[in-house]
Every structure is written in C-alpha cells, then in structure tokens.
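Look through the structure below with its sequence at hand. The paragraphs that follow take up one region at a time.

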Amino acid sequence: MEEYFLQQLAEFVNRTNGRILLVGMLHQSFTAYARQATAKTHNEWMKIQGRFIDFAITLSIEEQIYLIGQVINITNKQLEKQKNDDDFLDQIRSLVANIANYRQINSESLTELLSGVFPLHPLVAILLCKLSQKNFGQNQRSIFSFLMSSESNGFGYYLKNTTLDKDKVALFKPHQFWDYLDSNLNSAITASEYSKQWLLSQTAVNRYEGLDEEVKVNLIKIVALISIFADGTGVHASSELLKILLDISEDQLSKIIKSLESASIIFYSKFKQSYVLSEGSDFNLNDAVREQLQDLDSLPFEQLEQFEPIVAKKHYQITGSLRWMEVKLLPVTDELEETLLALQGSINSSLVGYFCLLIPKDDEEVLLATEVCKEIDNTDDFNNLVVAVLDSHTTIIDMLKDKIALSNILRNEERLLNDKIARQETEGRLVEIKDALGNLLDKSLNASKWYSKHLASPETQLNRFKLSALASTIADKQVTQNFICNNELVNRNKPSPSAKGAIRELLKRMIERSEEESLGIDKFPPEKGVYESIIVKNGLHKADSDGNYYFSQPDDIQLKAIWKCADDIIAEAKGDLVTAKEIYEAWQAPPYGVKAGLHEILYIAYILSRHSDLANYINGEYKPSVQYLLAEYLIKVPADVGVREVSFLEGVQSWIHVLRDRLEEEFGVRLNTKIEDEPLPIAQALVSIFYSLHPWIQRTNNLSPKTKQLRDILKKANDPNQLLFDDLPKFFNAADSDDAKVEKIIKGLRELDKVYPDLVSEINMGLQNYLKVKEDSINPYSEINKRSEALFGKSGDYLLDAFIARLVKYDGSMNDAESLISLLAGNKPSKKWIDQDIIKAKQRIATYGFQFLEAEVNADVNASPDRQKVGVITKSLNATTSLVKEAHITSKNVKIINDQVDQINKATKYGKLDLNDRVAVIAKLLEALHDEEHSEKEES
C-alpha cells in the first residue's frame, strides 16, 4: 500500500502546476533502498522514483578527504615524523601525478589534503570517499563506520593490531582495504551493479592465494579496487603507480603483469591508460586485436559512428518547425567533390544541409582536403554544405582500426561462440572504444576550422551553439515560405499515435461540422488545441455577418503562398485529376517545407475553402460531397484522393443556372441549404437529390423510357464535368430552350421521386383490403395494430407470426412499409430489391391476409364483434368429390352481405319456394361460383 500511496501523492502534487512542492530527505534514492527487494517490488519503487526529481547533496572528494584528516589525530611524535618523511610523501606525489595525467587538478592542494590522512594510504582515502558515494554506501556514515568501528579488517581493527617497528608504523594499504570490503560489504557489493568485477577479483584472489603469490594477490586487489571505485577520480592503474604501491622493481612488475595477462586475469586498456580486470577467459583479446590489425588493408569510413544532427534551434523556436543539418565524416579521395555534390542534391525541407568533416590519412590528403574547402567557400554549388578538415585525424584513424578489429572479432572469431566471458569482454571493449571515439570526434567538431558561403570568413571555429545558429541561417534560406506553427503535436513528419487521434477527430469535425463555431468542439481536448493554433490563428474558419461559419482563404501571408502553390498545380492540370499526394509533395518541398503532420489538416481546409469549384475523387470516382471516408483515404493512401477544377466549360452551358433555380424550387426543403450558382455545387445537388431517393428506384423498370434514361445517367455519374457538360446534354435536344431542357430533367426527377411513395400507397391499400379493414375507418392502422397485438403468438405459424409482429406497430409510413416489403420479399434489404421482389411481396400480402383472418377465428380472438367464419359443403351429381367453400364475415363486408341475404330471402320467399328448394338455390349458386373461379384460373 505504501508504494501506491506514494505514487498517488506524487501524481497529485505534479498536477498542481507548482502550487504544491513535496520535499523528502533520504539517505539514498528510492531505488537504492529497494535494490534487494523482489523484482516486482523493485519495479514499483522505480515508478515512484520516476515521479520525483533527485537532488543529490554530497560532499566532493576533496571535502571528504579533509573530513578524514580531521578525524585522524596523531599525538605520537615518531608517527608525526613518519607522516612528514619522504616515504609517505612519495606515495602521495606518485598518486597525485597519476591523477594529474588523467584530469586537471590543483596538485598542491590535493597533496596537502592527502598528507593529513596518515596512517591511511592516500589511495585508500580516495577509494573510501568513492565507496561512500556508491549505491551500497551511505555517504559520511560509511566513512565513519570504517574509521571508528572495530569491524573486521577495518581501520579500528588495524589500530588495535598494529605496533611500532623501529619507530615506524605500516600504512593501512589498498590490499587491506580490499580485505575490509570482503569481510564486511561483500553481500552489498555482490547485489550491486559491480558484482561481476567484484566476483572476478575474488576468484582471482582465491586462485593466487592458494599458490602463495602475495604480490600478485595484492596487485589483483589494487587493480580491482581502482576498476570499481576510482571512476571519476582520475586514478588509473598505470605501471608507475603499481610499482610504487607494491614497492617492487620495474622488472619484477613487468614479469608479474606478463604472468597475469597470460592467465587472462588483467589486461591493459590503452584508452583508460590503465590495467583492468579481465573478464575471466582464456581468450587473449589483445593478441586477437593485433592479428586483425595486421590484416586490415583499408578503412571503411562508413563504420564511423555518425554525430547527432545539429538542430536549427533558433529557426525551430521562431517557426515551430524542426529542421537540422547532419554531420558527415568523409574520407579524402579523388571522388570527394562528387560525393559533396551528391550530398548537396540530397537535402530537403527538413534536412537542410550537412556539416562535412574531411578525414585525411596523410599530408597529401590534408592539402587536397584544404583545396576542396576553399573551393566550397568560393562557389554557389555547395550552398547547403559546411566543411572542415579534421585535425586529430591520426588518433581517430587508429581508434577506427581498433573498432573495426573488435567488430571483426565479434563477427568471425569462433572461440567466442562457447566463451561467454570472452565475448562479453570483447563487447565491453568495443563499447568502450566507441565511446572514446565518439568523445574525440565531438571535441574535434568544436576544434575544427569551417568553410562556408554563410560564414563571414573562412577557417572559422564554431562551438555547438554557433553550429546550431549557422544551421538556422541555412534553414531560413532553404524554406523561405514556411508558415509559423507552434504546435509540436502535429508540426512534425511523424506524429505520435495520440496526435494522429487528434488529427482524425479534427478532420471529422472539419468535414461534418464546419458550419458550427469551433467546429462544435467542447472544452479543450487535443484537437481543440490543433484547431486554435492552425485553423483559427491563420483565419481559415470564420463567421459571416449572419454568424454562419465557413472555411475561407487564409489571412497569413506564408499560408497564402501554400494555398497559391496548390492553386497553380490544379490550374496547370486544366481540369485533369490532381492527387493529394502531388499537392503534399509540393508543399513539403522547399521553399514551403510543410511537415507531414499538417498535410491532411491543410488539405481539407483548402478543398473546403474552394468547395464551389473543386470536385473531389476517391480512386477516380467522383464524390458529390466531402465525407469522412475521404479523410481516411488521405491519411492512408493520399495517392488515391484527388481534385478536379470545375469551371472552364461553364460559359457554353447556360442552362445549368436555370437548373439550379428549379432544383431549389422543387427540392430546396430536402437539400436544406442554398445551391451556389457554380457548376460544381449544382452537379453535387443534382446527384445528392438522386441518391436521397429510395434505392429501389435504381433497379426498377417501372419507369417511363425517358425517366429510365435520366436514372441511368445519374446512377453512373462520377464526374461533375462529364455529368453537366457531356451526359445530361444527351438527355435533351440541343435545340430546346434552357427552360425546356431543365423541365425534362425536373419531370424525370419528379417521376423518380414518386415511384416509391406510389408503391407504399399500393402496399397499404392491399393490406387494408386483405385484412378487411373498414374503408371509412378514421385510422385503419390503429385497428390493424390492435388486431395484430391480440393475435401475436397465437397463430401457430412462425412465418405468419413474423408478419403479425410487423403489424403490431405498423403506421403505413415509408420506413415501416420498407421493413414490411423486405420481410415479404424474403428478408431482402431494400437496396437489393428488384421488381420480382415487389411482385412477391404483393402476393404474400394476399396470402398472409387470408391466413391472418383464419387465425383470428381459430384463435377465438374477439378483435371485432362482427367477425364470423362460414363454410358450405355440397356435391353435384357429376362430381366425384364434395365442394367445400369457406368465407370470412368482417366489419368491412358484413353490411353488404346482410343486404344480399335479405334480397335472396325475399326472392325465394315470394317465389313460394319451400326449404328444400331454397337450399338447392344456394347450392347451385355455389356451384356456379366454383365454375367461374375455375374458368378464371384456366384463363390466367
């Protein structure tokens, strides 16, 4: 729970924007406290660590050495004399000289400080200070614990067990400090990141202690201590320092080192200028490197680690667009000039140039490189290149050789396959040399003398800040028409997934809600920030005097240039299709430099600002309105999206303006907007009206020939130019007046618009007829609903029940009729109806209507008091079977039936027929009805 509480507390404080500061004081970092916990617990504490900022309050090495000197108080005069004799001072001087070879120090001050730590060896004092700063140390507590306690092999233990010998005392030396660590901090070091080196030193020490090789053991301990604890101090295990520490001759030291190197215990790192522990393998890496160097004939400069790009920071801060120059390391060859020309040709609006460091191998190549630099300074062919000759080329080449040798060993040496330690040693050495090479190259970048047309004078030294300023100057000249967009979310070539989500949402609102203020965006989601910084700031979305919002031409001068770029591309196409990809490429290239993350937003804003004269296409198919599908294609496949300009044929087809007026007159309510008096909006409105009609009209043949022709023209329309100026003129006579031409189109649209409502009316009449609904009923559908609800689930026929279920809430509307027809046509969706489906639906209404009436009687549903089912069975002399006829008496036909019954009764009664004769009359009437029905079937 404490981990969760700390995470939540840190999150709460971080969200106050500085109004609350949470300060905690710890001996160590959170992760150091959790280093011995389980992996899961350690990860939780890592999350907590990431929510805090660490401010390490530690003493410097010098301050800690001074503190140690203040703790150690010498009262014995003999020891005071030994403290100031040459033997102890020689140890200090050799150590200070060793450090001074590696980093800049105040030698006198350090010597004075180290003289106060007697009888500690000065190296032990430095190592003790570094121990206190490790993650298993506890700052000054570790120092005082070593000095004051009686821990095994510690300083207190040393004082108790050391006596004067000839008025002198033996110093507490580095190998004794190793014993102290081994006795008291072994588990802590083993659990740290230094465990591998520590375990290797323990293994080596145990090996040589068994052989009674004390000097070798001490050397291993010293090298291990320096390797683990001396980082950042400048102390390095050089031969001179080891000779003084071990108090042996140079020949003795040379033999010991050679023996330990042969045993792969230690090796010499020429980059650290120090002996370090080997990784514990029989593989001799130094010999392998020497063999590789002998076989190395040429230097592949492409293997040099390239610099991080130099960012044009000033340009970025002003424009919001990230641009940079790359640093290229180039060998000096006869093809150098061609290489530079190729680099000049490869620049773009993001990569605006190159800093080229030329690396010569000898004096002759130095002269050639200098001549090339001077030529670049005096010509306009290399405006985006800045060149210099690398000064420290000899050292860099040596390092590059070692790097290539180590890379070859890793790649080709079979002995590394089964020797994990040797492989790790080689990999570690390679990482080390890469870092050293990178640091040297980085220093060379600042020390080199640069040539460029953009510098006031040649041979100018530039630090990182000046290099960035020069990159900004070149970027400004590369993209002169770049518009300012300080929105890092989208003003980049590869937006993040969250930014892409914001772009998608903004595009959707631009397309679907352009007439609303702020595109209808509430509060301040990510897309609102993009909208404000790009759309609103540049005047792309405005309101007219009536408060109606629309997309317009931009106010910003630079953005106007981008709009004009697209205008020119479309105008040059002369009505041909121009893809979004072509426009993107033009925008992205100099001098505009529009980042890819802005492409879709600007493209949609552009086509919406020219909606009256640009026709939109997806996969070559015309889209009468801008839809969100177009935005999805823009993001994924911009080459499949395009526009055509629609205006150049307008003058020869004056009838289209009459069509615009008639469309507004006849279908204005349906369009819900005014049609602009331009060819494209008129074509869009016409096609929009057609596709707003019921989809069945696109398949039915129940149309007049002329209307069918118009239907087919509109159905195939995929290009407004072709529709208005090619296809529709074939629908009428060229000699017709403009009004006559338009009247034919309007007449056809009226017929198309009427076909489906007529079908619905016919279906509704049939339904009322077959269900025997009263003709004078005020609301026939209410009666149908009531009867259906009473009958639902009681028919015993699942198909009939499905029909009844539709009628429970049926209101005769277009939508309800469509649902009913789809059911009767075999559950076929309306967009797939054909005329045969309509015939089938009409037939099934008759069938289901009779079954409905049957079910009402059989289920004893008292939906109407007039409901009655009757039947008659007769048999004539010549017939072999009985004749059975059934009929339903409903509220609709009850009156007329009763009237007819009265007439027949009167006729038979006044004819003085008895009961037998009356029944015979009825039977003969039924037989005549049967014969009539049979004749009708034969005729059909």
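In this predicted model, Phe355 stands opposite Val386 in strand β6. The two residues belong to a pairing of strand β5, residues 351-359, with β6: the two strands run parallel and are joined by 5 bridges. On the way from β5 to β6 the chain includes helix α20, residues 363-377, and these three elements make a right-handed β-α-β unit.

Strand β6 also pairs with strand β7, residues 449-451. Here the direction is antiparallel, and 2 bridges hold the pairing. Within it, Ala388 of β6 stands opposite Trp450 in β7.

How many of the residues of β6 are buried? The strand covers residues 385-389, and 5 of its 5 residues are buried, so β6 is mostly covered. The side chains can be sorted by direction: Leu385, Val387 and Val389 point one way from the strand, while Val386 and Ala388 point the other way. Both groups are buried.

The loop between β4 (324-331) and α19 (336-345) contains Asp334. Is Asp334 buried or exposed? Its relative accessibility is 70%, and residues over 50% count as exposed, so Asp334 is exposed. Leu368 is 34 residues away from Asp334 along the chain, yet the C-alpha atoms of the two are separated by 8.8 Å.

Another sheet is found further along the chain. In what order do its strands lie? The order is β11-β14-β12-β13, and these 4 strands form an open sheet with antiparallel pairing. The edges are taken by β11 and by β13 (621-623); each has a single partner strand, so one side of each is left without a neighbour in the sheet.

The pairings can be followed across this sheet one by one. Strand β11, residues 578-579, is joined to β14 by 2 bridges, and the two run antiparallel. In this pairing Thr579 stands opposite Gly642 of β14. On to the next pair: strand β12, residues 614-618, is joined to β14 by 5 bridges, again antiparallel. Tyr617 stands opposite Gly642 in β14. Gly642 therefore faces Thr579 in one pairing and Tyr617 in another, because β14 is placed between β11 and β12 in the strand order. The last pairing joins β12 to β13 by 3 bridges, also antiparallel. There, the bridge partner of Ile618 is Glu621 in β13.

Why is strand β14 described as largely enclosed by the rest of the structure? The strand spans residues 641-645, and 4 of these 5 residues are buried, so the rest of the structure largely encloses it.

Next come two residues in and around helix α32. His694 is found in the loop between α31 (679-692) and α32 (705-715). With a relative accessible area of 12%, His694 falls under the 20% cut-off and therefore counts as buried. Which residues does His694 touch, leaving aside those up to four places away in sequence? They are Tyr756, Glu818, Ser830 and Trp833.

Asp712 lies in helix α32 itself. Its relative accessible area is 30%, which lies between the cut-offs of 20% and 50%, so Asp712 is partly exposed. Asp712 and Arg699 are 13 residues apart in sequence, and their C-alpha atoms are 9.7 Å apart in space.

Towards the end of the chain, Val921 has its place in helix α40, residues 915-939. At 31% relative accessibility, Val921 is partly exposed. Together with Ile904, Leu913 and Leu925, Val921 makes a nonpolar surface patch of about 280 Å².

Finally, the protein as a whole. It has 940 residues, of which 45% count as buried. It contains 40 helices and 16 strands. The area exposed by the protein is about 49,500 Å², and carbon and sulfur atoms supply 49% of that area. Among the contacts with a separation of 6 or more, 65% are between residues 24 or more positions apart.

Key:
Residues are numbered from 1 along each chain as its sequence is written. This is a predicted model: local features need pLDDT of at least 70, side-chain atom pairs count only at pLDDT 80 or more; totals for chains, interfaces and linings use all residues. Side-chain values use heavy atoms; hydrogens and water are left out. Patches are made of residues with over 30% relative accessible area and no salt bridge: like charges are joined within 9 Å, nonpolar side chains (Val, Leu, Ile, Met, Phe, Trp, Tyr) within 5 Å. Accessible areas come from the Shrake-Rupley method with a 1.4 Å probe; for residues, only the protein chains shown count as cover. A salt bridge is a side-chain nitrogen of Lys or Arg within 4 Å of a carboxyl oxygen of Asp or Glu. Buried means under 20% relative accessible area, exposed over 50%, partly exposed in between (1.4 Å probe, protein chains only). Two strands pair if DSSP finds at least two bridges between them. Contact means heavy atoms within 4.5 Å. A crossover is right-handed if, with the strands pointing away from the viewer, the path from the first strand over the helix to the second runs clockwise.
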